[in-house]
Amino acid sequence: MTPTLELAFDLMARRSVTPEDDGCQELMMQRLKAAGFDCEPLRFEEVDNFWARRGQDGPLVCFAGHTDVVPTGPEANWQHSPFEPQIDNGMLCGRGAADMKGSLAAMVVAVENFVAKHPGHKGSIAFLITSDEEGPAKHGTVKVVETLEARNEKIDMCIVGEPSSTNKVGDVVKNGRRGSLGGVLRVHGIQGHVAYPHLARNPVHQAAPALADLANEHWDEGNAFFPATSFQISNIHSGTGATNVIPGELEVVFNFRFSTEVTADELKQRTHAILDKHGLQYDLDWTVNGLPFLTDHGPLVDAAQQAIKEVCGYDTELSTAGGTSDGRFIAPTGAQVLELGPCNDTIHKVNERVKAEDLDTLTAMYERILELLLAS
Ligand code: ZN
């Protein structure tokens, strides 16, 4: 057992189903205190978070992540008990192995190794850890970032340990994420008898061509880092259940995943223009779930690419694909943000697992990134 795997076992044995932390953060803080960090627990409502920092100077390089995990589903469906971690055929098995207690263990051990070799390192190292990433994400990273902003404490570079890799650890680094914009559209008609349509107004008939226009709209071309913006309808509801009633209302739920080539406001305006062109009577409620962000080539991306090349011998691909992460709360402060973690093929699934040796490789990558950025 390597130090990273030992710590991963300790973290994975805790039932920290979101938003529970179950002592994971206390364990991490003990280790970081011993490595010379000042640790600051930051609990908001029912969510445990902490901020830890070693050093006073810039640049501030931060590791970010979450101790909470998604529910297991029926535990009987698991080959091994999800909270009794074990190594089977070289695979570390259990809830959180990939998302993301394995990364947390790698970060802590990488920092311990680095600090032991470079006790007088340049700049500062920090940890921003939450137990509310997999849940509503209302009292987690976003609140810690607000606390830091209020006292003008600035993260310069941030490595999020989300499982970014596809086939081999480090083969993909996420250097940005698409934005997510949701809409709930209610088209108003007039309910009536299907035999007397002139006395009613059918919202399904009225909305159909407008929805077709939205689905066919070319929102942008994307760019070198982002695929083209996509519009998807996820739910449509209308009708009373009776076959002889024209419904009075149609509800449509949709979502944009958008690039940095458009803004959320532009997408809203263009959506309204299409709906208005069809003369619909409607209400539309918008939710911006996350703005897109991009970290272009610079000190952090370059250090990560070089570290992966040195440790593994292969080139890494920069990608902005995938769902949202807490990077969306950190990037708007001006920080360079990237996500580097293990393979993500089993995350949120039954029998979550990760190649055990990949966590030691990840530890070496994190340590090498710190050396490239902060070695004295
Ligand atoms: Zn995660």
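This is a walk through a predicted model of one protein chain, from its overall build to its sheets and a few individual residues.

Let's start with the whole chain. The protein chain has 376 residues, of which 51% count as buried. Its secondary structure comprises nine helices and 19 strands. Along the principal axes, the C-alpha trace spans about 80 × 45 × 40 Å. The chain exposes about 15,800 Å², and carbon and sulfur atoms supply 48% of that area. If you are thinking about electrostatics, there are 31 positive and 53 negative side chains, and the centres of the two sets lie 0 Å apart. Sequence-distant contacts also deserve a look: among contacts between residues at least 6 apart in sequence, 79% join residues at least 24 apart.

Now turn to a sheet of four strands. This open sheet has the order S12-S14-S10-S15, with antiparallel pairing. S12 and strand S15 (282-290) stand at the edges with a single partner strand each, so one side of each has no neighbour in the sheet. From one strand to the next, the twist averages 15°. Helix H6 (residues 264-277) packs on this sheet and touches S10, S14 and S15, and its direction makes about 160° with that of S15.

The pairings inside this sheet can be followed residue by residue. Strand S10 (residues 179-188) and strand S14 (residues 249-258) are antiparallel and joined by 10 bridges. Along that pairing, Leu-185 has Val-252 as its bridge partner in S14, while Ser-180 has Arg-257. Strand S12 (residues 230-238) is also antiparallel to S14, with eight bridges between them. There, the S14 bridge partner of Ile-233 is Phe-254. As general background, strands of a sheet pair through backbone hydrogen bonds, either parallel or antiparallel.

Another sheet has three strands. It is open, its order is S4-S5-S19, and its pairing is antiparallel. Strand S4 (86-88) and strand S19 (353-355) form the edges, each pairing on one side only. Here the twist averages 30° from one strand to the next. Strand S5 (residues 91-93) is joined to S19 by three bridges, and Cys-93 has Arg-353 as its bridge partner in S19. Two helices accompany this sheet. Helix H9 (residues 356-374) packs on it, touching S4, S5 and S19, with its direction at about 65° to that of S19. Helix H1 (residues 3-12) lies across S4 and S5 and runs at about 20° to S5.

Staying with these strands, look at the loop between S4 and S5, where Asn-89 sits. Phi of Asn-89 is near 55°, a positive value in a residue other than glycine. Is this residue buried or exposed? Asn-89 has 77% relative accessibility, so Asn-89 counts as exposed. Glu-45, in the loop between strand S1 (38-41) and S2, also has a positive phi, near 50°. At 61% relative accessibility, Glu-45 counts as exposed.

The backbone has some cis peptide bonds to inspect as well. One runs from Gly-58 to Pro-59, with omega near -5°. Pro-59 lies in the loop between strand S2 (49-54) and strand S3 (60-66). A cis bond also joins Asp-99 and Met-100, where omega is about -15°. Met-100 belongs to the loop between S5 and H3.

Helix H3 (residues 101-117) contains Glu-112. With a relative accessible area of 22%, Glu-112 is partly exposed, because that class begins where the buried one, under 20%, ends. Leaving aside neighbours within four places in sequence, Glu-112 is in contact with Arg-31 and Ala-35. Glu-112 and Ala-52 are 60 residues apart in sequence, and their C-alpha atoms are 13 Å apart in space.

Let's finish with Gly-170, in the loop between strand S7 (157-160) and strand S8 (172-174). Its relative accessible area is 0%, so Gly-170 is buried. Which residues does Gly-170 contact, leaving aside its neighbours within four places in sequence? They are Ser-165, Ile-308, Tyr-314, Thr-316, Leu-340, Gly-341 and Met-365. For a sense of distance across the model, the C-alpha atoms of Gly-170 and Gln-281 are separated by 50 Å, with the two residues 111 apart along the chain.

Key
Residues are numbered from 1 along each chain as its sequence is written. This is a predicted model: local features need pLDDT of at least 70, side-chain atom pairs count only at pLDDT 80 or more; totals for chains, interfaces and linings use all residues. Side-chain values use heavy atoms; hydrogens and water are left out. Two strands pair if DSSP finds at least two bridges between them. Axes are lines fitted to C-alpha atoms, for helices over the stretch in contact, and angles run from 0 to 180 degrees between N-to-C directions. Contact means heavy atoms within 4.5 Å. Buried means under 20% relative accessible area, exposed over 50%, partly exposed in between (1.4 Å probe, protein chains only). Accessible areas come from the Shrake-Rupley method with a 1.4 Å probe; for residues, only the protein chains shown count as cover. Lys and Arg count as positive and Asp and Glu as negative; His and the chain ends are not counted. The place of a charge is taken as NZ of Lys, CZ of Arg, CG of Asp or CD of Glu.
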